[in-house]
Amino acid sequence: MSDVASPVLPRSAAGDEVRRSVLGDEHVERARAQQTEFDNAFQSLITEGAWGTVWASNAITRRERSMITLALLAALGNYDEIPMHIRAAAVTGANRKDIEEAFQHVAVYAGVPRANHAIRLAKEVFREMDSDD
């Protein structure tokens, strides 16, 4: 057994902190409440990999990460997480114009139907957010 501390713990803690700051405590607690033994390893992967490594990096801003994430989700047709990341953009500093520009890139480089679907989702989320104000 090595005396070197496992790098997993710092990534897990950093991932939890970043995930909470971007998505909010309520979202993280809701996700944790739905977690089971079946998806424990998957949830650890997301917390450590996505949030504790990628999102925790300071190489680019969280605003830029939001824009990239939204563009990738739309380009790959992974629409389920777009509303969550649009809401998170309000925290990361990516504004509606930034999101519009990201989806313009999707239209040109990944296809109009995917961008169109993402834009429809964004408009729904913006309406919900505006009605909450």
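## Worked exercises on an all-helix model

T47 sits in helix α3, which covers residues 40-54. Keep in mind that we're working with a predicted model.

**Exercise 1. Is T47 buried or exposed, and which residues does T47 touch?**

*Step 1.* Get the relative accessible area of T47, which is 6%. Buried means under 20%, so T47 counts as buried.

*Step 2.* Now look for its neighbours, skipping residues up to four places away in sequence. That leaves R11, S12, G15, D16, R19 and G52.

*Step 3.* Place one of these neighbours: D16 belongs to helix α1, residues 8-23. We'll come back to D16 in Exercise 5.

**Exercise 2. Work out the overall make-up of the protein chain: how many helices and strands are there, and what are its spans?**

*Step 1.* Count the elements: seven helices and zero strands. Reading along the sequence gives α-α-α-α-α-α-α.

*Step 2.* Take the C-alpha trace along its principal axes, and you get about 55 × 30 × 30 Å.

*Step 3.* Check burial and surface. The chain has 133 residues, and 35% of them count as buried. It exposes about 8,500 Å², with carbon and sulfur atoms supplying 56% of that.

*Step 4.* Look at the contacts with a separation of 6 or more: 67% of them come from residues 24 or more positions apart.

**Exercise 3. Find the largest nonpolar core: which residues touch the most other members, and which helix gives the most?**

*Step 1.* The core holds 20 residues, and the ones touching the most other members are L70, A74, I82, I86, I99, F103 and V106.

*Step 2.* Sort the members by helix. At least two residues come from each of α4 (62-75), α5 (82-92), α6 (96-109) and α7 (112-132). The top contributor is α7, with six residues.

*Step 3.* Zoom in on V106. Leaving out residues up to four places away in sequence, V106 touches A71, A74, A75, G111, R114 and A115.

*Step 4.* Don't stop at one core. There's a second, separate one of seven residues, with V18, V22, W51 and W55 among them.

**Exercise 4. Check the geometry of α7 and decide where its buried residues lie around the axis.**

*Step 1.* Start with the length. α7 has 21 residues, and at 1.5 Å a residue they should span 30 Å. The expected span uses one less than the number of residues. The end C-alpha atoms turn out to be 30 Å apart, so expectation and model agree.

*Step 2.* List the buried residues of α7: A115, A118, L121, A122, V125 and F126. These cover an arc of only 145° around the axis, so they lie on the same side of α7.

*Step 3.* Turn to the other side of α7, where V112, P113, N116, R127 and S131 are exposed.

*Step 4.* Ask what covers the buried residues of α7: the cover includes α4, α5 and α6.

*Step 5.* For a polar residue in one of those helices, try D98 in α6. Its relative accessibility is 9%, so D98 counts as buried. Beyond residues up to four places away in sequence, D98 touches R63, M67 and G93.

**Exercise 5. Trace the salt bridges: how many does the whole structure have, and which residues are linked with D16 in a network?**

*Step 1.* Searching the whole structure turns up eleven salt bridges.

*Step 2.* Begin with D16, whose side chain meets that of R20 at 3.1 Å, N to O. The two are four residues apart in α1, about one turn of the helix, and both are buried.

*Step 3.* Follow R20 onward. R20 also forms a salt bridge with E29, where the closest N and O atoms are 2.5 Å apart. E29 is at 41% relative accessibility, so E29 counts as partly exposed.

*Step 4.* Assemble the network: D16, R20, D25, E29 and R32 are linked by salt bridges.

**Exercise 6. Which parts of the chain does the R87 and E128 pair link, and how accessible are R87 and E128?**

*Step 1.* Check the distance: the side chains of R87 and E128 meet in a salt bridge at 2.4 Å, N to O.

*Step 2.* Locate the partners. R87 is in α5 and E128 is in α7, 41 residues apart, so this pair links distant parts of the chain.

*Step 3.* Compare with the cut-offs, where partly exposed lies between 20% and 50%. R87 has a relative accessible area of 37%, which makes R87 partly exposed. E128, at 38%, counts as partly exposed too.

Conventions
Residues are numbered from 1 along each chain as its sequence is written. This is a predicted model: local features need pLDDT of at least 70, side-chain atom pairs count only at pLDDT 80 or more; totals for chains, interfaces and linings use all residues. Side-chain values use heavy atoms; hydrogens and water are left out. Buried means under 20% relative accessible area, exposed over 50%, partly exposed in between (1.4 Å probe, protein chains only). Contact means heavy atoms within 4.5 Å. A nonpolar core is a set of buried Ala, Val, Leu, Ile, Met, Phe, Trp, Tyr and Cys residues joined through side-chain atoms within 4.5 Å. The arc is that of the directions from the helix axis to the C-beta atoms. A salt bridge is a side-chain nitrogen of Lys or Arg within 4 Å of a carboxyl oxygen of Asp or Glu. Accessible areas come from the Shrake-Rupley method with a 1.4 Å probe; for residues, only the protein chains shown count as cover.
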